[in-house]
Amino acid sequence: MSECGNLDIFLVVDRSGSRLRGLVIKNMENTPEQGEKIFSILKKYDLNIFSYLASSVVKKKISTYVCVELPERELEYDKIAAELRNATGAEEVFWKDYPIPGFAHQPFFPITCFSRRGFFFLGHVLRGSFEGIRKRLGASIAKVLLYHMGRMGGLNRAEEAKRERPDLTLKQLMMRFLLAGYAFGQYIGELTEWSENGTIVIRTKRNWESEFLDKRYNEPQCHFTRGFLEGFLSGLFNKEFTSRETKCECMGDEYCEFVFEVRK
């Protein structure tokens with residue numbers, strides 16, 4: 001399992017008091033040299049780049065969005081936009097101001113991964129939800145509820161995955177599923193054992209579920225994740241799987257480990 005650090009690609013830039021401005025470059029040809037043209041022009045005017053995002057790069061034309069910090073000297077912003085438009089051949093280039101100085105957000109909505117819409121919860125919101133379920137229903141009922149919530153989600157996702165990519169093998173669909181989980185920030189997943197007629201083992205690091213809990217438990221706590229993975233495998237194979245979590249970050253283990261077997 002490879003170690004992966006944080007990727008500093010901002011969806012929100014919070015530099016309170018800074019002079020931030022957004023730059024939108026619409027419908028330019030998707031060619032390798034476009035980024036170099038944009039960066040060289042921005043550098044020439046001492047514009048410090050905070051983030052650079054692109055719309056779907058599988059298309060022939062893309063739109064990009066750049067968040068920049070402005071220099072102290074005044075600039076002819078219309079002139080810069082025109083220069084960028086001529087250099088890239090974009091359909092339109094314009095600046096975007098923000099109502100709060102130093103606070104900017106990216107304009108592409110919704111966030112997608114493998115054509116699936118994503119959304120974000122702040123950590124304390126999710127933590128509060130999980131703690132609320134445990135306090136109101138009790139730990140034993142919460143365990144069953146979270147497991148079945150995850151399992152139903154996994155079953156639905158498996159059906160969608162098979163419709164989206166009927167050309168892929170079951171193992172390839174599983175790897176795609178784990179990569180999507182990484183892209184959405186759910187966990188860093190690794191398929192450590194794969195047998196279509198036997199045992200399947202999946203390990204996760206930095207699991208979003210375990211990161212909300214302290215490392216003070218003496219038994220595994222990732223019930224939603226276990227159900228989600230089990231549901232996906234059951235839907236993928238059209239067979240009922242059983243599952244157990246043998247290691248858990250909540251217990252101080254290096255990773256969470258989930259073992260799946262076809263129900264006999």
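This report walks through the fold, cores, surface patch and polar links of a predicted model.

## Overall make-up

The protein has 264 residues, and 40% of them count as buried. Its secondary structure comes to seven helices and 12 strands.

Many contacts reach far along the chain. Take the contacts between residues at least 6 apart in sequence: 65% of them join residues at least 24 apart. The protein exposes about 15300 Å², and carbon and sulfur atoms supply 52% of that area.

## The largest nonpolar core

The largest nonpolar core holds 30 residues. Seven of its members touch the most other members: Met174, Phe177, Leu178, Ile200, Ile202, Leu229 and Phe260. Both helices and strands feed this core. At least two residues each come from α3, α4, α5 (170–183), β10 (199–205), α7 (223–237) and β12 (256–262). Helix α7 gives the largest share, with seven residues.

Phe260 offers a view of the packing. Neighbours within four places in sequence are left aside here. Phe260 is then in contact with Gly198, Thr199, Ile200 and Ile202. Its other contacts are Arg226, Leu229, Glu230, Leu233, Phe241, Thr242 and Ser243.

## A separate core

Another core lies apart from the largest one. This second core has 20 residues, among them Ile41, Val68, Leu75 and Leu84.

## Thr199 and its partners

Thr199 belongs to strand β10. Its side chain makes a polar contact with the side chain of Glu261, at 3.3 Å. Beyond its neighbours within four places in sequence, Thr199 is in contact with Glu193, Trp194, Val259, Phe260 and Glu261.

## A nonpolar patch on the surface

Some nonpolar side chains sit on the outside. Leu137, Ile141, Leu145 and Met149 form a surface patch. Together they have about 330 Å² of accessible area. Helix α4 (residues 139–164) gives the most to the patch, with three residues.

Leu137 lies in helix α3 (residues 123–137). Its relative accessibility is 40%, so Leu137 counts as partly exposed. The class fits because partly exposed covers values between 20% and 50%.

## Salt bridges across the chain

The structure holds 15 salt bridges. One of them joins the side chains of Arg73 and Asp46, at 3.4 Å from N to O. Arg73 lies in the loop between β4 (61–69) and α2 (77–88), and Asp46 in the loop between α1 (34–44) and β3 (48–54), so the pair ties together parts 27 residues apart in sequence. Arg73 is partly exposed, at 39% relative accessibility. Asp46 is also partly exposed, with a relative accessible area of 48%.

Another salt bridge pairs Glu254 with Lys205, whose closest N and O atoms are 3.3 Å apart. This pair links distant parts of the chain, 49 residues apart. Glu254 is in the loop between β11 (241–247) and β12, while Lys205 is in strand β10. The two partners contrast in burial. Glu254 counts as exposed at 55% relative accessibility, whereas Lys205 counts as buried at 10%.

## A salt-bridge network

Salt bridges that share partners join Arg157, Glu160, Glu164 and Arg176 into one network. Within this network, the side chains of Glu160 and Arg157 meet at 3.2 Å, N to O. Why are Glu160 and Arg157 separated by about one helical turn? They are three residues apart in helix α4. Arg157 counts as buried, because its relative accessibility is 14%.

## Thr88 in helix α2

Thr88 lies in helix α2. Is Thr88 buried or exposed? With 6% relative accessibility, Thr88 counts as buried. The cut-off for buried is under 20%.

A polar atom of the Thr88 side chain lies 3.3 Å from the backbone nitrogen of Ala90. Thr88 also touches residues from elsewhere in the sequence. Not counting residues up to four places away, Thr88 touches Ile25, Met28, Glu29, Gln34 and Ile38.

Technical notes
Residues are numbered from 1 along each chain as its sequence is written. This is a predicted model: local features need pLDDT of at least 70, side-chain atom pairs count only at pLDDT 80 or more; totals for chains, interfaces and linings use all residues. Side-chain values use heavy atoms; hydrogens and water are left out. Helices (H or I, at least four residues) and strands (E, at least two) are DSSP runs, numbered from the N terminus. Buried means under 20% relative accessible area, exposed over 50%, partly exposed in between (1.4 Å probe, protein chains only). Contact means heavy atoms within 4.5 Å. Accessible areas come from the Shrake-Rupley method with a 1.4 Å probe; for residues, only the protein chains shown count as cover. Patches are made of residues with over 30% relative accessible area and no salt bridge: like charges are joined within 9 Å, nonpolar side chains (Val, Leu, Ile, Met, Phe, Trp, Tyr) within 5 Å. A salt bridge is a side-chain nitrogen of Lys or Arg within 4 Å of a carboxyl oxygen of Asp or Glu. A nonpolar core is a set of buried Ala, Val, Leu, Ile, Met, Phe, Trp, Tyr and Cys residues joined through side-chain atoms within 4.5 Å. A polar contact is a pair of N or O atoms within 3.5 Å; within protein, one must be able to donate a hydrogen and the other to accept it, and residues adjacent in sequence count only if both atoms are side-chain atoms.
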